[in-house]
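Work through these exercises with the model open beside you. Try each task before you read its solution.

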Amino acid sequence: MKYTYSLHIAFISFLMLLGCSDRLEPEGSIENTIDSNKEEIEQLGEEIFERDSISVVERKKELIIKFYDKIGYKMIDRVLTDRVYKSSPENKIVLKSISLNEFNSKLKNGTESEKNVKLYVKSLVKYRDMLFLDLAKDSIYKGLDNILKSRFYIDTIVGKERISNELYIKLNDEIKANIDTLKNDIEELDLKGNQKPLENLVKEENGITIPDEGKNKFKKLIEFIKKQGLLFLILLLVSIILNILQYIFYKKKRRQLNSKLSKATEKLASIKTKPENKSDDVFKPKPSKLSDHIVKNKIENAYETMHKTLLHNYHRNCVEDQEVTYNTLLSDTIASARSERFTSEQELTSYISKQIQKHRALLESDIQECVSQDVAIQQIHARITTEDFLPTINTAIIPESEVRAKVQLLRQNLINELPLTTTQEVLSGIINDFKQSIETHLHKMLQENLVFYFPFADVRGALSDEKKSKTKARDSALQLSLSPDNVTQATFHLLLDQEQMMQAGIMSYDSLLLPICELKPENFNSSGTRIEEIGTQGGTMTLEDGKWRVKDKLPIKIV
């Protein structure tokens, strides 16, 4: 038994010494191992964080595309419903559940109105693509609100005449709600993208787990210690002694290292001159970073030069119309430059030149679509002429001079309301809407010139054309509606709301009613007090030699 204990002690002591020997490795070897692992862990964390950042940008882009698909459908569908297919809703094209990029492929009729809608879709795509430039910047939150503040949305999609319409107020509220939702989603993505759970990532990548085998060995070791209590008490004392010896050895080695380091430092300090060496570049100080003040001034001067160039090349009002976009781009460039490290003005100038080139192209794209007030007036005079409407008007009913005067008056009212600038697509929409407005006014004039009021006819059922009136008088009893195709033909009805005249007709029905009305015995009540027309077609008259004569009598009854 003693022999067995001796073997146990010898074997376990050997294992402990073997384990302790790891601690006796040179200090530099231990530190290098730790540093090496630390660098690998940090590098792994950075790679994973960079990969996640890219996925966050892509996710933002997907959210913006879905957002513009949704609000684009709402805007374009409202335009199609209210303007393009208002008179023929059954022909309306359905754009729901398709992307914004596919809208124009569905509009195939080629009408003027659909061409305008295609321009609206292109504008929405442009506003969406502008946001892609700011996916990794905080300015994306401001960019989301630009669509509701744009002239495109205010003047084209809504328009002054529809700004108080409940449907467009509801559309505006829905777009605002979608913008708020999108901002929350992007903010949540930014919060997730900024987290670096390095410890967890490293564990997942390296697969650090505690194997079950180790747990079983640990349990067996505990059981063995319980059985061999005295033995392990002795081993504990041996271990303490070994650790004390190890500490003494470590202190001695540390003193030796400090001594060597001190000598090396003295030797380095004693060297006054040494030949130039490429490795000396490591000890040279890094160039200082340009101050924020210099960076800001450089950028502002460059953008001011660009602004003057645009004013020289384009109409002033069109350039000034882009002031909000210009200031936003300038602010974004300054904010972006502050996050960079420019050590020379050459680097800064190169950076500014790239930004100017990109932003000038963006501004010029919008400015080239701008139409100044002068050009807009020229287009209105060229595209809205009286000759466009004369073929649809019977000049026998409305004199040509009245048509010309009406068109000129309405056209001047339109010119007086023109803004200083607009876009070609907005102007085209204004002109198209205005043409419809003129047609409505002329149609109303036509209707007013087709309706006349007369007193009762004579005993032969004849009315003198000279007695006609455009307004009701006290003796008015009949309403004649002329045919727009033939002004010598008309339908007529009794003015049943003229109670005095109707009572006079009942009292003298044989001389006032019977010459122009069909009154059958079964429809006549001798004690009746009210006249009713039978059917809705009315009677008909023809103009002959300045007199209206009955062609078809008006069926009535007295009740």
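The exercises below go from the whole chain to its pockets, then to single residues and a small sheet.

**Exercise 1. The whole protein**

Task: State how many helices and strands there are in the protein, and what share of its residues is buried.

Solution.
- Begin with the source: this is a predicted model.
- Next, count the elements. The protein has 19 helices and 11 strands.
- Now turn to burial. Of the 559 residues, 34% are buried.
- Finish with contacts. Take those with a separation of 6 or more: 72% of them join residues 24 or more positions apart.

**Exercise 2. The largest pocket**

Task: Describe the lining of the largest pocket, and find which element gives the most to it.

Solution.
- Start with the volume. The largest pocket holds about 1,000 Å³ of space.
- Then look at its centre. The pocket is lined by 35 residues, and Glu161, Arg162, Gly429, Ile430 and Asp433 are the closest to the centre.
- Next, list the elements. Two or more lining residues come from each of α2 (27–84), α4 (112–132), α6 (151–158), α16 (400–416) and α17 (424–448).
- Pick out the main contributor. That is α17, with 8 residues.
- Sort the lining by class. It has 13 nonpolar, 12 polar and 10 charged residues.
- Last, place it among the domains. Domain 2 (52–198) and domain 4 (384–448) each supply at least three lining residues.

**Exercise 3. The second largest pocket**

Task: Repeat the description for the second largest pocket.

Solution.
- The volume is about 760 Å³.
- This pocket has 36 lining residues, with Tyr127, Ser150, Gln322, Thr325 and Asp366 the closest to its centre.
- Go through the elements. Those that give two or more residues to the lining are α4, α5 (140–149), α6, α13 (323–338), α14 (345–368), β2 (421–423) and α17.
- By class, the lining has 13 nonpolar, 12 polar and 11 charged residues.

**Exercise 4. Arg162 and Asn116**

Task: Decide whether Arg162 is buried or exposed. Do the same for Asn116. Then name the contacts of each.

Solution.
- Locate Arg162 first. It sits in the loop between α6 and α7 (166–193).
- Check its relative accessible area, which is 13%. The cut-off for buried is under 20%. Therefore Arg162 is buried.
- Read off the contacts. Beyond neighbours within four places in sequence, Arg162 is in contact with Arg83, Thr156, Ile157, Tyr168 and Asp433.
- Link this to the pocket. Arg162 and Asp433 are both among the residues closest to the centre of the largest pocket.
- Move to Asn116, in helix α4. Its relative accessible area is 5%, so Asn116 is buried.
- With residues up to four places away in sequence set aside, Asn116 touches Ser428, Gly429 and Asn432.

**Exercise 5. Asp545**

Task: Find where Asp545 lies and whether Asp545 is buried or exposed.

Solution.
- Asp545 is in the loop between β9 (539–544) and β10 (547–552).
- Its relative accessible area is 82%. Exposed means over 50%. So Asp545 is exposed.
- Check the backbone. Phi of Asp545 is near 50°, a positive value in a residue other than glycine.
- Measure across the chain. Asp465 is 80 residues away in sequence, and the two C-alpha atoms are separated by 9.2 Å.

**Exercise 6. A sheet of three strands**

Task: Give the strand order of the open sheet that holds β11, and explain why β7 and β8 have a free side.

Solution.
- The open sheet has 3 strands in the order β7-β11-β8, with mixed pairing.
- Look at the edges. β7 (517–518) and β8 (531–533) each have a single partner strand, so one side of each lacks a neighbour in the sheet.
- Check the first pair. β7 and β11 (554–558) run parallel over 2 bridges. Glu518 stands opposite Pro555 there.
- Check the second pair. β8 and β11 are antiparallel over 3 bridges. Here Glu532 stands opposite Lys557.
- End with the faces of β11. Leu554, Ile556 and Ile558 point to one face and are buried. Pro555 and Lys557 point to the other face and are not buried.

Key:
Residues are numbered from 1 along each chain as its sequence is written. This is a predicted model: local features need pLDDT of at least 70, side-chain atom pairs count only at pLDDT 80 or more; totals for chains, interfaces and linings use all residues. Side-chain values use heavy atoms; hydrogens and water are left out. Two strands pair if DSSP finds at least two bridges between them. Helices (H or I, at least four residues) and strands (E, at least two) are DSSP runs, numbered from the N terminus. On a 1 Å grid over the protein atoms alone, a cavity is a set of points where a 1.4 Å probe fits but cannot get out, and a pocket is an open set with protein on both sides within 12 Å along at least five of seven lines; lining residues have an atom within 4 Å of a point. Grid points are joined across faces, edges and corners, and a volume is the space filled by probe spheres set on the points. Ala, Val, Leu, Ile, Met, Phe, Trp, Tyr, Cys and Pro count as nonpolar, Asp, Glu, Lys and Arg as charged, and the others, Gly among them, as polar. Domain bounds come from an automatic or database domain assignment. Buried means under 20% relative accessible area, exposed over 50%, partly exposed in between (1.4 Å probe, protein chains only). Contact means heavy atoms within 4.5 Å.
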